[in-house]
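Please work through the following exercises with the model at hand. Each one sets a task and is followed by a stepwise solution.

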Amino acid sequence: MSDIPVHQHSDGRCPVTGISGSNPHPFCPPQPGDTRAPCPALNTMANHGYLPRDGKALTADIIIDALIKCYKLSKPLAWLLTHGALFLLDQGGKELCLSDLARHNGVEHNASLYHPDAGYREEYAPIHGDEKMLREFFEDSKDGLVMNTIDVSRVRARREGSYPEGQSLDFIHAELARGEMAIVLNCFNNPNLGLVDKGVPLQHRSTLSKFFRSIIGRRDTAENTPLNGVPVEILRYWFQNERLPPGWQPYHKTSLRSTISTINTMRSAMRKFAKELPKKAESTHASAPKPILAIIAEPVSSLPVEGDALNAREDNTNVLTLPDQPSHSQYPSASSATSSTFTDVLHTPETSDFQIPPSITPKDAVSHISPVHIVDSDANGKVPLQPRLPIVVEPPELGITDGY
């Protein structure tokens, strides 16, 4: 509703739409200061006023009541969803705001069907959906009319299978991901004669359900039986606008039992589709460059005092020439086999200017480097650039985790 002026939901209510008229829950998009989650179901409830419109100060009772009234979830299912989310968030308080649900690997998880993953080292995931991902999601509709359990399972298997070995969802978040769509598939599958005429089948009922319905004299018809799937246009409208589809009302109660049944069907189908996917790649870890740091001892009998710079230079003969230094009696000869003080030169291909940090004396440097090969100078006072026994210092490998 682009004609709604910018305003604030400071007390969780909308001063513009109100609750007048036949619709007690009119739509109002989020306003400045409102918080939202990477969950279209909860955002929709806030946009329609089932939850406080600012998305703040939400208690378990408020969320449970909203889930029952907006989507007609059974109380056990609404209770499990709400308290399960509070447990996973582990915030220690009795209230939360919708933005808390974006905390990565709390309730939010990788491999969403519509939302990008949290960035590398990011604490919170994006709350806005990705249009490209949504288009790819609907491309998996076999008939292009509805998304059913098998269609969703195919997408879920492909999304979770796209991660390297060891980086896919853990058991809890994998079940949570299936449960999210299981509820959607059971909420928005209202009877639709038009789609039945186009060949969309009705929802399958279990043998037990058929038996009890026959006892009470209820027959399944296209007018009173949910579809085997959710219309693509209904899902697209809901995902993109985070708004209840025009004229939509929950047709039946979505129970915990029906949700678990759909999850089980989805899990079984995903296993089948996973076998058809290419073999997972092994987890890749990028390594940092591995320069060789050659530690070359000062060959001359005199060493600079603490804090002096070496100011070494390379000449065209590919040897390192050390400048002459005055004699200092407090330093013994570095050529002595028993000497433990010498000047170390760290050579890398990128630079030829070397200095000893003022805070480290040559003796301190020796105490941290062992063993070392003392290289004697030649007749002209020059030292070969590479020692005969270099000390190779390799930085540890840095594991680059997937940005997903």
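A residue is called buried when its relative accessible area is under 20%, exposed when it is over 50%, and partly exposed in between (1.4 Å probe, protein chains only). The model is a predicted one, in which local features need pLDDT of at least 70 and side-chain atom pairs count only at pLDDT 80 or more, while totals for chains, interfaces and linings use all residues. Residues are numbered from 1 along each chain as its sequence is written, and side-chain values use heavy atoms, with hydrogens and water left out.

**Exercise 1. Determine how the rings of tyrosine 71 and phenylalanine 188 are arranged, and which parts of the chain they connect.**

Step 1. Rings of Phe, Tyr and Trp (its six-membered ring) pair if their centres lie within 6.5 Å; planes under 30 degrees apart count as stacked, over 60 as edge-to-face and the rest as tilted. Eight aromatic pairs result from this rule.

Step 2. The ring centres of tyrosine 71 and phenylalanine 188 are 6.3 Å apart and the planes stand at 70°, so this pair is edge-to-face.

Step 3. Helices are DSSP runs (H or I, at least four residues), numbered from the N terminus. Tyrosine 71 belongs to helix α2 (residues 60-71) and phenylalanine 188 to the loop between α6 and α7 (193-197), so the pair ties together parts 117 residues apart in sequence.

Step 4. Both tyrosine 71 and phenylalanine 188 are buried.

**Exercise 2. Classify the ring pair of phenylalanine 137 and phenylalanine 138.**

Step 1. With centres 5.1 Å apart and planes at 55°, the pair is tilted.

Step 2. Phenylalanine 137 is buried at a relative accessible area of 2%, and phenylalanine 138 is buried at 8%.

Step 3. One aromatic cluster is formed by Tyr71, Tyr114, Phe137, Phe138, Phe188, Trp238, Phe239 and Trp248.

**Exercise 3. Test whether the length of helix α6 agrees with its number of residues.**

Step 1. The expected span is 1.5 Å times one less than the number of residues.

Step 2. For the 17 residues of α6 (residues 171-187) the span should be 24 Å; the end C-alpha atoms are 24 Å apart, so the two agree.

Step 3. Of the 17 residues of α6, 13 are buried, and the helix is mostly covered.

**Exercise 4. Describe the surroundings of valine 232.**

Step 1. Valine 232 lies in helix α9 (residues 232-241) and is buried, with a relative accessible area of 6%.

Step 2. Taking contact as heavy atoms within 4.5 Å, and leaving aside neighbours within four places in sequence, valine 232 touches Phe138, Ser141, Gly144, Leu145, Val146 and Met147.

Step 3. Methionine 147 is 85 residues away from valine 232 in sequence, yet their C-alpha atoms are 6.2 Å apart.

**Exercise 5. Locate the salt bridges of arginine 159 and glutamate 136.**

Step 1. A salt bridge is a side-chain nitrogen of Lys or Arg within 4 Å of a carboxyl oxygen of Asp or Glu. The count comes to 11 salt bridges.

Step 2. Arginine 159 pairs with aspartate 117 (3.8 Å, N to O). This pair links distant parts of the chain, arginine 159 being in helix α5 and aspartate 117 in the loop between α3 and α4, 42 residues apart.

Step 3. Arginine 159 counts as buried at 19% relative accessibility, as does aspartate 117 at 9%.

Step 4. Glutamate 136 pairs with lysine 132 (2.6 Å, N to O); both lie in helix α4, four residues apart, about one turn of the helix. Glutamate 136 is partly exposed at 35%.

Key
Helices (H or I, at least four residues) and strands (E, at least two) are DSSP runs, numbered from the N terminus.
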